[in-house]
Structures are given as structure tokens and as C-alpha cells.
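Thanks for coming. I will walk through a few parts of one structure, so please have the sequence and the model up in front of you.

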Amino acid sequence: MATGTFPVVPAADAARSLERPPPWSVPTGVDSVVHRWLSERRVVECLAAERTLPAREPQHAPLPAGLDPRLIRGLERRGITRLYDHQAQAISAALSGQHVVIATPTASGKSLCLHVPVLDALAKDANASALYLYPTKALSRDQEQGLHALLADSELGIPALVYDGDTPADARRAARDQSRVLLTNPDMLHASLLPQHTRWARVFQRLEYVVIDELHSYRGVFGSHLAHVLTRLLRIAAFHGSRPRFILASATIGNPREHAARLLGIDGEQLALISHSGAPAAERRLFLYNPPVVNAELGIRGSALKHAVRLALDLLAARVPTILFAGSRNTVEVMLKYIRDQSPGVPADAIFGYRGGYLPEKRRAIERGLREGSIRCVVATNALELGIDIGDLDAVICVGYPGSVAATWQRFGRAGRRGDRSVGVLVLSSNATDQFMASQPEYVLDASAEEARIDPDNVEILMQHLKCAAFELPFGRGPSAGTAAGAEGETRYGPLDPSSTRDALDYLARQGLLYAGETMYSWTGESSPATFVSLRSISWDNFVIIELGADRTLAELDWRSAHTMLHEQAIYQHDAAQYQVERLDYENHKAYVRRVEPDYFTTALTNSRVTILDTAAERAVAQGQLHHGDVEVVETVTGYKKIKFVTHENAGYGDVRLPDLQMHTTAFWWTLQRSAAYLQRWSPAMLIDGLRGAGAALETVASISLMCEPRDIGRTLGSEDLPIDREGYRPTLFLYDALPGGVGLARRIFERADDLLLRAARLIASCPCKSGCPACIGAALTVDPQSGHALEAAPAAGVGRASTVGRKSVAIALLQGLAA
């Protein structure tokens with residue numbers, strides 16, 4: 001070829017070259033990332049399971065007859081001339097006067113099921129009102145926008161306002177005096193509206209509907225409290241002359257009708273259940289990703305956190321809007337730092353964290369950025385599991401099993417909400433529950449969602465709300481007295497029958513809290529007892545975090561978390577920046593921090609001690625003595641460790657001196673008997689390590705069998721720090737409800753203990769490891785839950801470290817009762 005000339009390219013080849021992307025282009029979109037993952041050995045070898053959920057076509061139905069014409073026009077302006085069939089069924093059931101519970105997947109259009117019957121009733125009755133309850137302030141603010149948009153399009157002119165802790169004083173007055181639709185949360189209803197119900201008489205006199213969104217989030221103690229708040233609400237509504245209908249919306253759970261009925265204190269047959277979704281769904285690719293083993297002897301796998309970050313970076317590079325869910329606030333901040341540090345081509349303001357502790361204005365800005373599409377990646381705790389509109393996300397990465405099948409699918413449902421193909425990845429950690437999911441992926445991919453459980457009969461919770469109810473309205477006294485002044489019928493409260501109600505009221509009268517007159521029981525004090533009753537936890541006021549030098553409030557943190565995250569010398573992480581806690585003013589709930597750039601972060605070390613208060617039941621089995629009853633759990637923050645960024649190496653320890661955290665709850669405990677027989681076979685160290693391993697396996701099978709979240713069950717050993725006496729030494733394993741007052745988990749473990757002990761033994765025996773690993777009895781060394789890095793653990797007091805070879809066989813023998 002002569003110099004200065006070029007080869008002639010055939011026309012067909014030229015056309016094909018134009019179809020190919022230029023070599024400098026980067027493939028974008030979900031499909032390109034999935035194709036790359038499935039072609040790379042580093043990913044394929046880590047896939048424990050893969051599933052493709054096909055797209056689903058919509059099923060439509062006409063608008064129900066009889067809707068207000070203005071509401072119909074408003075829907076038409078929004079492009080809605082027909083409904084999905086489940087929406088039509090739910091709206092028709094509500095319009096017919098039934099209580100309704102809607103339990104359909106995320107992004108199935110449940111909001112319309114709530115708004116249409118409410119606005120129809122208010123459009124036809126100028127005096128009617130409605131109350132919306134949301135579990136979080138963020139969700140009520142988010143839903144307010146959608147409600148206002150529908151009101152504006154319908155030209156109804158119905159005032160609708162949010163009433164929560166962030167509402168200014170003038171807006172509170174407007175809500176009380178003008179609003180016909182009140183959007184609030186259970187905490188404000190409990191502590192403000194009900195105690196001051198006479199000031200809200202205009203709302204309660206013609207209360208037509210009570211809407212409860214995110215029903216599935218009202219579980220455990222929070223749900224048990226809400227059941228009593230609703231009992232008090234119905235009592236006050238009846239006093240003011242109204243009988244509201246309820247509409248409840250939930251993500252998919254195993255017992256929506258039963259759970260709703262228990263919350264409302266009614267028979268399940270009184271509820272219309274809508275559980276089939278007619279909404280369309282785009283194709284979704286799901287992966288269970290199990291990081292490779294990095295320490296075969298200890299059974300430790302690669303850090304779930306680091307592997308999740310790598311997968312997120314792949315998605316970011318392909319311009320796929322992504323959300324990562326982490327199990328703790330600290331993990332959120334560590335991942336946020338890693339992703340920002342390793343994404344030089346992505347602006348920092350396109351990658352954000354979202355968790356409790358951020359100030360309200362920061363959370364609102366992040367939510368707005370997600371809706372508008374300016375944020376391409378968000379790392380969040382379960383704060384974004386609920387139905388906040390977070391825009392067009394196409395990928396979800398869950399770091400560790402969230403604790404329930406329902407929560408897993410709730411998180412996966414946050415992507416693909418606009419009808420585009422999406423991908424969901426569950427990155428598993430080394431712990432036993434995660435590894436159970438790796439070995440049996442059908443449990444999370446095919447199993448039905450767990451049931452939501454509450455315990456309104458919990459005496460501690462019941463008595464708290466009985467006091468609140470007595471403050472709000474007197475209880476009638478006598479066989480024909482009413483539950484409120486001027487009402488007729490027998491005196492009764494919530495789950496109590498009339499006789500038990502009178503006994504409880506007499507008890508409060510003997511305590512000097514009630515005055516027992518001839519016709520009624522009246523509250524003797526001036527202040528509302530609701531002020532001292534927290535619906536969500538045992539925590540008091542939040543701690544305020546103040547940045548030294550800048551003289552600004554950086555964030556807030558709840559009382560309980562402050563003990564582990566705001567102790568002096570802790571590294572507090574906020575928006576991927578690090579701050580060292582210089583001083584903690586414990587009495588005034590203030591933490592003073594200074595901006596630093598360390599090469600490590602800190603994580604607290606805690607120790608739990610259990611004191612038995614009362615034994616409700618006990619029985620002897622081959623494995624020893626089993627018990628169930630009330631206990632006090634004292635948690636102490638003993639110190640903290642420093643973890644190097646990136647390598648996750650242990651960089652040292654420090655001491656923490658803070659008051660203990662105390663909690664009254666219920667527990668199951670297993671006491672080993674015939675200790676001399678045990679000690680003839682094993683050393684004290686081996687016995688304690690074996691029991692600790694048996695406890696880890698028992699906790700795993702209990703959380704799976706009872707379909708509860710692992711964090712709902714606490715575990716600790718008793719007697720491990722006592723002097724060893726061959727005749728009197730009685731090591732004890734405690735599994736306790738990790739919520740104040742308990743929610744019945746410990747009792748159910750006691751009732752099913754024979755089966756659970758044997759299932760735990762089978763779990764350990766079926767594990768392919770030689771000497772025990774995190775997947776069966778826990779690591780022989782302490783494994784940091786965030787990094788997966790092994791750290792030396794202190795042995796029990798007075799004993800040495802047991803042989804790792806014997807821990808597995810000892811645990812199996814103890815669980816099967818073979819040693820005795």
C-alpha cells in the first residue's frame with residue numbers, strides 16, 4: 001500500500017462497524033452488568049443461587065360505581081381511567097363499610113386503595129374527617145405529597161396536614177382547627193392527640209376512617225403498644241360519637257388478617273382481605289452471593305461488606321441507580337466511605353448514606369435527590385425499607401440476610417418500581433443464619449413470608465396504657481357502668497374482660513394513681529402518663545452531637561445507641577467523614593466531636609448478664625433443666641476496638657466507662673445438670689466452649705423456626721465467670737427476648753425446646769467443617785460482624801481456650817443429652 005493511501009472498506013463491513021460501540025465506550029444498564037458478572041469467574045464461583053422472576057402483566061378493573069364525580073375527574077387528570085383489580089376490590093370493600101386490609105407486594109399501588117375511599121367519604125360529607133398513621137415521619141411527609149396532588153387534581157379543597165414532632169406551632173394550630181385529614185404517627189397520637197382529645201374534638205366527632213400504612217412494621221413491642229393506642233383511640237372516638245372504619249396496608253406477610261385483627265381487637269372475619277395483586281411487574285434477576293472462604297480452618301469467608309462494595313462499583317460504573325442495605329449505622333458509613341473513595345468519576349453528591357441520626361433537613365434533601373434522579377447510589381439501613389418514594393432505582397444489594405424473608409423481599413422491591421428490569425443481590429456473611437440461606441436458598445427465594453406477632457396481653461405494656469386511658473377518660477365503676485363517663489355497658493379495657501378490668505383498676509387505685517368513687521375511677525394526677533411511655537424502646541431523649549470548632553449540631557442519636565457509638569474516643573462516622581468524640585456529657589445528652597482523618601474506625605465491645613427474677617415454668621429433659629420466666633438483662637459496654645479501614649485489621653483496644661443498660665424481659669434458659677459427669681469427660685474450658693457453640697446453633701434454628709429476626713433474640717451464658725466447683729458448677733445458656741417486656745419468643749422456645757435442641761444438633765452435625773465454624777457453632781475466635789475479620793476472643797474466666805477440634809463434638813453431645 002502506497003504512503004498516504006487508505007484501504008477500501010467494503011460497505012457491509014462498514015455498516016457492521018457502525019453497529020458496534022466504540023472501544024472507549026462503557027457498557028451501561030442492568031443487562032450489561034449481569035452479563036459481565038455471569039462471565040466472570042470471581043462472581044460465578046460465589047453464586048449460591050440465581051433466580052429470574054418473569055415480568056407480570058397487569059389485571060385491570062373499572063372504577064367502582066358511585067364515586068364522587070370530582071374525584072373521578074381528578075383521577076382522570078392523573079391518567080387513571082381504570083384500576084388494577086386489587087385496587088378496585090379494596091376500594092369497593094371500604095365503600096361498602098367493611099374494615100379492609102391490603103397485603104400486596106411493594107409498588108403495587110396501595111396508596112390509591114387508601115386515598116380513594118377516604119376522599120370519597122370526605123367529599124360527600126363536609127364534616128367528616130380521617131386519620132392516617134405512618135410508622136415514620138419521613139413516610140408521612142412523603143405520602144402527604146401524593147395526597148395533596150390528588151386533592152388538587154380533584155379540586156376538592158379538603159385541608160390535609162402532617163402533624164408530627166417537626167410541625168411548627170402555627171401549623172399545629174391549623175391542623176387542629178382546620179384540617180380534615182390528619183397525617184401523623186403512633187407516637188404523636190399516643191402522647192399528644194389522645195391525652196388532649198377535647199382540643200381535637202372536631203376531628204374525633206366525625207372520624208370516618210383510620211388509615212394504617214406499613215402494617216407489617218408494627219411487630220413486637222412497637223406493635224403491642226400500637227394495639228393499646230388503637231384501643232384508646234376507639235374508646236375516645238366512641239365518647240365523641242363516632243365509629244371509624246379501618247383501612248390497613250401491608251407488604252406481604254404471612255398473617256395479614258390475623259395481625260390486623262389482633263391490632264384492632266376484633267374478629268378476623270370482620271376484615272376484608274385483599275392479598276392478590278393485579279399490578280404489573282418487570283423482570284427481576286436475583287442472586288445469592290456467598291463470598292469465598294478465606295480461612296478454611298475457622299470457616300471464615302471474605303468480608304460481605306467489601307464484596308458488596310465491589311458489586312456496587314460495577315453497577316455505578318454502568319450508570320445503574322443502586323441502593324445498598326446494611327445492618328448497622330456504622331456499616332453504612334464504612335461502605336459509603338469505600339464507595340466514594342473508589343468512584344473518582346462520580347461526584348460525591350451523587351452518593352449518599354441514609355440512616356437514623358441524620359437531621360431531618362438532610363434526610364429530606366436525600367429523599368428529594370433520589371426522586372429527582374440526581375443521586376445514583378444510596379447506602380441505607382432499614383430506614384428506606386418502608387414505602388418512601390425513592391425514584392427510579394434499578395439495583396438492590398443487601399449486605400447480610402436482613403433477618404426475615406419478608407424484609408428481604410421488601411428490600412428487593414425497592415428497585416424496578418417504574419417498570420424497568422432490575423437486579424437484586426443478597427451478599428451473605430459468615431454467620432450461621434446467612435450460611436443456612438446459602439445451603440438452602442429456597443428458604444429465602446421460595447418460602448412464604450413470616451408472620452407478624454404482637455403481645456397486647458403483656459402486663460407491663462397493658463398497665464402503662466390502662467393508666468393513659470384512665471387519664472384520658474374516667475372508667476365507670478359497677479356492673480352497668482360504662483368505659484367512659486356517660487357511656488353504658490360493662491367496664492372493660494382492651495384485651496381484659498370486665499372482671500379483670502375492675503381488678504386492674506382497683507390495683508391502680510390502691511397505688512394511689514386512681515380515685516375509686518361511687519360511679520367511676522378517675523385519674524388523680526395532673527400530668528399525662530403518656531409522657532413517660534415510649535412506644536418503640538426503653539430509650540429516653542436523643543443525644544445531640546455537636547461539632548467542636550464549627551459550633552453546629554451535626555446529628556442526633558438515640559439514647560441506647562449512644563452507649564456504643566458516642567463513648568469518649570469513639571470514631572463517629574457521618575456522611576463518610578470521621579469525627580472523634582472528645583467529650584460525652586451524659587447527664588445533658590450531648591456529645592462533642594471533632595473532625596479527624598484516622599485510618600481506623602471503632603466498634604464497641606459489650607457484655608450481657610442475666611438475673612432470673614421469676615420462673616414461670618420448668619421441666620427436666622435429657623439435656624438438663626429447661627426453664628422459662630422473667631429476667632433482668634444488664635448490658636455493659638466494656639470497651640472498644642479499633643479496626644483499620646480497608647484491611648479491617650485490629651489496631652488496638654480502649655476502655656469505656658458508662659452506666660449499664662438494664663432491661664426487664666422474658667427468657668428461656670437451659671441449665672446443665674450433673675456437672676461432675678460432664679467434667680469427667682471434658683475440661684471446664686471445653687464444656688463452656690461447647691455450650692457456647694450449642695447456644696449459637698440453638699439461636700439460629702430458633703430464629704428460623706419461629707420465623708423471627710435474629711436480632712429479636714439475645715444470647716448469653718450464665719455461670720461462666722464463677723469459680724469451677726465439680727459438684728455445684730451449673731453452666732446456663734440464656735436465650736431472651738431482646739425487647740423490653742418480651743413478645744413471647746422465649747415462651748415459644750421453651751414449648752418447642754425438645755425439637756429445637758435436636759434440630760440444633762443436626763445443624764451442627766450436617767456442617768461439612770471439621771472443628772466448628774461460623775456456619776454451625778460460631779467461630780473459635782471472635783469475628784467482627786462488619787468485616788468478617790477474626791479477632792482473638794477472651795476465654796471464660798479461670799479457664800483456658802478449648803481445643804477447636806472438640807468444640808463441635810461437645811456441642812452435639814450436649815444438645816442430644818448424651819453426656820448425662
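Strand S14, residues 322–325, is joined to S16 by four bridges, and the two strands run parallel. To find the place by eye, look for threonine 322, which stands opposite cysteine 377 in S16. Before going further: this is a predicted model.

S16 has another partner. Strand S15, residues 351–354, also runs parallel to S16, and four bridges join them. Here the pair to look for is tyrosine 354 and, opposite it in S16, alanine 380. The path between these two strands includes a helix: S15, helix H15 at residues 360–372, and S16 make a β-α-β unit, and the unit is right-handed.

Now S16 itself, residues 377–380. Which residues are on each side of it, and are they buried or exposed? Cys377 and Val379 are on one side, Val378 and Ala380 are on the other, and all of them are buried. So both faces of strand S16 are covered. The general background is that side chains in a regular strand alternate between the two faces of the sheet.

Next, helix H13, residues 304–317. How far apart are its end C-alpha atoms? They are 20 Å apart, and that agrees with expectation, because 14 residues at 1.5 Å a residue should span 20 Å. As for its surroundings, 11 of the 14 residues are buried, so H13 is largely enclosed by the rest of the structure. Among the buried ones are Leu305, Val309, Leu311, Leu313, Leu315 and Leu316, and the list also includes His307 and Asp314.

Both ends of H13 have a detail to point out. At the start, serine 303 has a side-chain oxygen that reaches to within 3.3 Å of the backbone nitrogen of leucine 305. After the helix comes arginine 319, with a positive phi near 60°.

Last, a sheet elsewhere in the chain. How many strands form it, and in what order? There are seven, in the order S6-S7-S5-S8-S9-S4-S10, making an open sheet with parallel pairing. Its edge strands are S6, at 160–162, and S10, at 271–274, each of which pairs on one side only. From one strand to the next, the twist averages 15°.

One pairing inside that sheet, as an example. S8, residues 207–212, and S9, residues 245–250, run parallel and are joined by four bridges. Isoleucine 212 has leucine 248 in S9 as its bridge partner.

That is what I had.

Technical notes
Residues numbered from 1 in each chain as written. Predicted model: local features only at pLDDT ≥ 70, side-chain atom pairs only at ≥ 80, totals over all residues. Heavy atoms only, no water. Pairing = 2+ DSSP bridges. Axes fitted to C-alpha atoms, helices over the stretch in contact; angles between N-to-C directions. Buried < 20%, exposed > 50% of the residue type's maximum accessible area, 1.4 Å probe, protein only. Right-handed = clockwise from strand over helix to strand, strands pointing away. Expected span 1.5 Å × (residues − 1). Polar contact = N/O pair within 3.5 Å; in protein donor to acceptor, adjacent residues only side chain to side chain.
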